Amino acid sequence: MRQSLNKQQLRKFFSMFKRKPEKVEIKHKPVVSSNIESVGYNPGVKVMEVKFKGSSEKPGNIYKYYNVDESKYKGILRAKSKGSYLNKRIKDNFKYEKIG
């Protein structure tokens with residue numbers, strides 16, 4: 001005989017298959033930029049973070065970019081305009097999320 005599961009039981013069952021995101025240690029380097037405060041990278045997981053400058057009332061936003069090659073990270077550090085490099089070579093080319 002088949003037994004049906006209620007919604008709560010189904011959620012519990014399927015939650016076993018969801019992976020919780022791993023915490024990734026990313027050390028930031030301060031950069032000279034009018035909008036970007038710092039950039040960090042973890043080559044083991046190919047994740048880059050960009051922290052934007054904020055104000056005294058509101059802290060700057062932090063974005064995490066996934067599957068970024070180390071060459072792109074080094075490129076933003078070397079770029080004369082960090083914001084232009086981010087907009088042209090990273091922003092629309094990699095999956096990202098706002099984390100702060």
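In the predicted model, K82 has a relative accessibility of 9% and therefore counts as buried, the cut-off being under 20%. This lysine is found in helix 3, which spans residues 82-90. Its surroundings come partly from remote positions in the sequence: K82 and S33 are 49 residues apart along the chain, yet their C-alpha atoms lie 6.3 Å apart in space. Apart from residues up to four places away in sequence, K82 touches V31, V32, S33, I36, I76 and L77. A polar atom of the K82 side chain also lies 2.7 Å from the backbone oxygen of A79.

I36, one of the residues touched by K82, is also in contact with V50. V50 lies in strand 3 and is buried, because its relative accessible area of 0% falls under the 20% cut-off. When neighbours within four places in sequence are left aside, the contacts of V50 are H28, I36, S38, N61, I62, Y63, Y65 and L86. I62 is 12 residues from V50 along the chain, and the C-alpha atoms of the two are separated by 5.6 Å. Y63, another residue in this list of contacts, is the bridge partner of V50 in strand 4.

The strands are described next in chain order. Strand 1 covers residues 28-30 and pairs with strand 2 in the antiparallel sense over 3 bridges. These two strands are joined by a hairpin through 5 residues. Within the pairing, P30 has S38 of strand 2 as its bridge partner. S38 is also among the contacts of V50.

Strand 2, residues 36-42, runs antiparallel to strand 3, residues 47-52, and 6 bridges join the two. Two of the partnerships can be named: G40 is matched with E49 of strand 3, and Y41 is matched with M48 of strand 3. Strand 2 and strand 3 form a hairpin with 4 residues between them, and K46 in the turn has a positive phi of about 55°. Strand 2 is mostly covered, with 6 of its 7 residues buried. On the other side of the chain order, strand 3 is joined by 5 bridges to strand 4, residues 62-66, and this pair is antiparallel as well.

The structure holds 3 salt bridges. In one of them, the side chains of K51 and E37 meet with an N to O distance of 3.6 Å. This pair links distant parts of the chain, as K51 is in strand 3 and E37 is in strand 2, 14 residues apart. K51 has a relative accessible area of 25% and is therefore partly exposed. E37 is likewise partly exposed, because its relative accessible area is 34%.

A further salt bridge is formed by the side chains of K46 and D69, at 2.9 Å from N to O. The two residues are 23 positions apart and belong to distant parts of the chain: K46 is in the loop between strand 2 and strand 3, and D69 is in the loop between strand 4 and helix 2 (70-78). K46, the turn residue with the positive phi, is partly exposed, with a relative accessible area of 29%. D69 counts as partly exposed at 38% relative accessibility.

K64 and E49 also meet through their side chains in a salt bridge, with an N to O distance of 3.7 Å. Here too the pair links distant parts of the chain, with K64 in strand 4 and E49 in strand 3, 15 residues apart. K64 counts as buried because its relative accessibility is 13%, and E49 is buried with a relative accessible area of 9%. E49 thus appears in two roles, as the bridge partner of G40 and as the salt-bridge partner of K64.

Technical notes:
Residues are numbered from 1 along each chain as its sequence is written. This is a predicted model: local features need pLDDT of at least 70, side-chain atom pairs count only at pLDDT 80 or more; totals for chains, interfaces and linings use all residues. Side-chain values use heavy atoms; hydrogens and water are left out. Two strands pair if DSSP finds at least two bridges between them. Buried means under 20% relative accessible area, exposed over 50%, partly exposed in between (1.4 Å probe, protein chains only). Contact means heavy atoms within 4.5 Å. A polar contact is a pair of N or O atoms within 3.5 Å; within protein, one must be able to donate a hydrogen and the other to accept it, and residues adjacent in sequence count only if both atoms are side-chain atoms. A salt bridge is a side-chain nitrogen of Lys or Arg within 4 Å of a carboxyl oxygen of Asp or Glu.
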